[in-house]
Amino acid sequence: MDCRVTEFFAGFTMTMNLTGEDAAAMIDQTLLRPDLPETTYKQWIIENSTRKFKTLFVPPAYVSLASMFCVETDTLVGSVISFPLGFDVRKTKIQALKDLIDRGAEEIDFVVNISMLKSGVDGEFKGEIMDLRAYADSRKSIRNERIVLKAIIECCYLNETEKRWAVEHLAIAGIDFVKTSTGLGTHGATVADVQLLKASAHGRIAVKASGGIKTRRDLEQLVAAGATRIGTSAGADILAEYLTIPDF
């Protein structure tokens, strides 16, 4: 079932048709809860590995399990570093990156050092992201592909200048995506933040929206604003909407 989504880009309007398959290919389906047993994670991985999501995001402890079920599918395995506060020192983040790649993670979302960003400690902020990119580039994924890195900047804590500054240096460092939120801050993704990140990127880095995305309408509004990846725990429900709700 098609839906017309309008994307504002470079001063002109482009209309595109978005299908359930298109949506699935942009979704990082996520389960990062501490209160669930391994059996629940295993069942969730099995069920979602067949839904053609771009990536399944699980806690580091369950990356090997997810890789076991996803490696024969087109769905990638992702996990997180320094989630949700970003306070870990650089060496710890790089070791975590190594461990995740060893376990089979193909896409990794890391929380930047938000305090350093807000403090204007340029050297540490830039050094961290450059070292993470350098290590990721020294490895290949289980499918012999490039490791994708997404930097979570937690927009709810940043002013406009800080957001633009972060995007600029993430792009220079070669990080693949700037991500709006962990979903655990004071608010998640907003259309305004996605538009700002998209405009600041100038095509050099992609935008991932996450946090509070629960419905098809949420997804389509953020895609129209410029996001090319959507992080959500409600991916299955969103896909169900494409089958049951008429175009709007």
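## Strand β5 and helices α8 to α10

In this predicted model, six of the six residues of strand β5 (residues 76–81) are buried (under 20% relative accessible area with a 1.4 Å probe, protein chains only), so β5 is largely enclosed by the rest of the structure. Helices (H or I, at least four residues) and strands (E, at least two) are DSSP runs, numbered from the N terminus. Local features need pLDDT of at least 70 and side-chain atom pairs pLDDT 80 or more, while totals for chains, interfaces and linings use all residues. Residues are numbered from 1 along each chain as its sequence is written, and side-chain values use heavy atoms, without hydrogens and water.

The two faces of β5 are both covered, as the table shows.

| Face of β5 | Buried residues |
|---|---|
| One side | L76, G78, V80 |
| The other side | V77, S79, I81 |

Strand β4 (residues 55–57) pairs with β5 in the parallel sense over three bridges; pairing requires at least two DSSP bridges. T55 has L76 of β5 as its bridge partner.

In helix α8 (residues 191–201), the buried residues are D193, V194, L196, L197, S200 and A201. They lie on the same side of α8 because they cover an arc of only 160° around the axis, taken from the directions from the helix axis to the C-beta atoms. These residues pack against α7 (160–173), β8 (177–179), β9 (206–210) and α9, contact being heavy atoms within 4.5 Å. H202, which follows α8, has a positive phi, near 50°.

Note on methods. Buried means under 20% relative accessible area, exposed over 50%, partly exposed in between (1.4 Å probe, protein chains only).
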